[in-house]
Amino acid sequence: EVFLSELMGEDIKIENILESESNQETKYEKFNKVDLLVKNSKSELIIIEVQNTYEHDYLLRILFGTSKLLVENMNIGMEYSEIKKIISVNIVYFDLGQGDDYVYYGTTNFVGINKHDTLKLSTSQQTLYNTNNVAKLYPEYYVIKVNQFDEIATNTLDQWIYFLKNDEIKEEFDAKGLKQAKKELDILKLSDAERKEYEHFVEHERYEQSLIMSNYRVGIQKGKEEERQQQEEKQRLEKIEIAKNLILSGVDISIIIKSTGLSKEEIQKLQ
C-alpha cells in the first residue's frame, strides 16, 4: 500500500488480494506471469510484477497481461461503463528499451491529426465515467527500471527503489513502510532452520505477551469488583445513617423502608 501510494501520488488502500499468480486456461495459452493482483478502495485492479530475466517482447507482454485481466473481469450483460480500471506496475531488473529515466508512466490519449488537440470528455461523459480525463478510462502503466536507478535517493519513492535494487535501507531513509518491508524481507532470507527458530521465538513472545495481558485483565477486573463492593458498602452505610436519623425523628417504619430501601428486619435492628 505504501509503495503504491508513493508511486501513484495518492492514498492507496488494498481491500483484498485476488490471486498470487495468473494461470493458463489451457497448456497452449501464453503464460501471463502476474506476481500480485490486488483491488484498491476504488475497485481498480492493479497488477504488480517483478521480472528478473530479460524478455525482448516484455512491452507486449505487459499489454497482454492488462488485456487478459480486463476480459476476465467482464460479465455477460455488463455495461461498458462498468469496465474495471487496470493499473499495471512493472518492476524490471533488466534494460528495457532505451531511456535515461528509471520510472516511466504510460497512458492512452487521443490527439487530433490536424489541430493536434487532445480529445476530452463531455460533461455528461464526465458524470458517467466519474472522471474528466480520457486517459483515466484506459489502463495505466508504470515501468520501474531498477538497475537504471543511480542510487541517489532524492525523495521517498527513490528510497523504495533503492531498497528494491539493494535489498537494504540507509539509516536516514524515512519512507513510510520501508522498515517493515525490510523486516519481512530479512525473514524471507532466513534458512529453513533459522526461520523455524525465529517462528518459535515469535510464538514464545506471543505466549508471554498473552500471559501478561491475561493477568493484567484479571487484575483490572478484580480491581473493578473491589471498587464496586466498596461503593455498595458505602451506600449501605449511608442508608443506615439516614434510617437512624429518621428513627430518632419518630418517622413511621414504612416510610423509612421506602426512603432507604432497607428491609424491615434491618431497620428493626437499628432501633
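Where do W160 and F163 both lie, and how many residues apart are they? Select the two of them to begin the tour: both are in helix α4, three residues apart, which is about one turn of the helix. Keep in mind that you are looking at a predicted model.

**Stop 1: the two rings**

Zoom in on the side chains of W160 and F163. They form an edge-to-face aromatic pair, with 6.1 Å from centre to centre and 80° between the planes. The structure holds seven aromatic pairs. Are W160 and F163 buried or exposed? Both are buried. Now add F3 to your selection, and you will have one aromatic cluster made of F3, W160 and F163.

**Stop 2: the whole of helix α4**

Next, select residues 156–166, which make up α4. This helix is mostly covered, with eight of its eleven residues buried. Those buried residues are L157, D158, Q159, W160, I161, Y162, F163 and L164. What covers them? The list includes α1 (2–8), β4 (86–92), β5 (103–106), β6 (140–145) and α5. Try colouring each of these elements to see them around α4.

Then look at the two ends of the helix. At the N-terminal end, N155 acts as a cap: one of its side-chain oxygens lies 3.1 Å from the backbone nitrogen of L157. Past the other end, pick D167, which follows α4 and has a positive phi, near 60°.

**Stop 3: the neighbouring helix, α5**

Two packed helices are described by the angle between their axes and the distance between the axes. Select residues 178–188, helix α5, and show them together with α4. The two axes come within 11 Å and cross at roughly 10°. Angles under 35 degrees count as roughly parallel, so α4 and α5 are roughly parallel to each other.

Which residues make the contact? From α4, show Q159, W160 and F163; from α5, show L178, A181, K182 and L185. Sorted by type, the residues of this contact are five nonpolar, one polar and one charged. You have already met W160 and F163 as an aromatic pair, and here they are again in the contact with α5.

**Stop 4: the loop between the helices**

Follow the chain from α4 towards α5 and stop at I169, in the loop between them. I169 is partly exposed, with a relative accessible area of 23%. Leaving aside neighbours within four places in sequence, I169 is in contact with F163, L178, K179 and K182. Try the distance tool on the C-alpha atoms of I169 and K182: the two residues are 13 apart along the chain, and these atoms are separated by 7.5 Å.

**Stop 5: two residues elsewhere**

Now go to T131, in the loop between α3 (123–129) and β6. Is T131 buried or exposed? Its relative accessibility is 17%, and under 20% means buried, so T131 counts as buried. Apart from neighbours within four places in sequence, T131 is in contact with L121, Q126, K136 and L137.

For the last selection, pick L63 in helix α2 (residues 58–72). L63 is partly exposed, at 44% relative accessible area. Draw a line from its C-alpha to that of T131: the two residues are 68 apart in sequence and 23 Å apart in space.

Methods
Residues are numbered from 1 along each chain as its sequence is written. This is a predicted model: local features need pLDDT of at least 70, side-chain atom pairs count only at pLDDT 80 or more; totals for chains, interfaces and linings use all residues. Side-chain values use heavy atoms; hydrogens and water are left out. Axes are lines fitted to C-alpha atoms, for helices over the stretch in contact, and angles run from 0 to 180 degrees between N-to-C directions. Helices (H or I, at least four residues) and strands (E, at least two) are DSSP runs, numbered from the N terminus. Angles under 35 degrees count as roughly parallel, over 145 as roughly antiparallel, 65 to 115 as roughly perpendicular and the rest as oblique. Contact means heavy atoms within 4.5 Å. Ala, Val, Leu, Ile, Met, Phe, Trp, Tyr, Cys and Pro count as nonpolar, Asp, Glu, Lys and Arg as charged, and the others, Gly among them, as polar. Rings of Phe, Tyr and Trp (its six-membered ring) pair if their centres lie within 6.5 Å; planes under 30 degrees apart count as stacked, over 60 as edge-to-face and the rest as tilted. Buried means under 20% relative accessible area, exposed over 50%, partly exposed in between (1.4 Å probe, protein chains only). A polar contact is a pair of N or O atoms within 3.5 Å; within protein, one must be able to donate a hydrogen and the other to accept it, and residues adjacent in sequence count only if both atoms are side-chain atoms.
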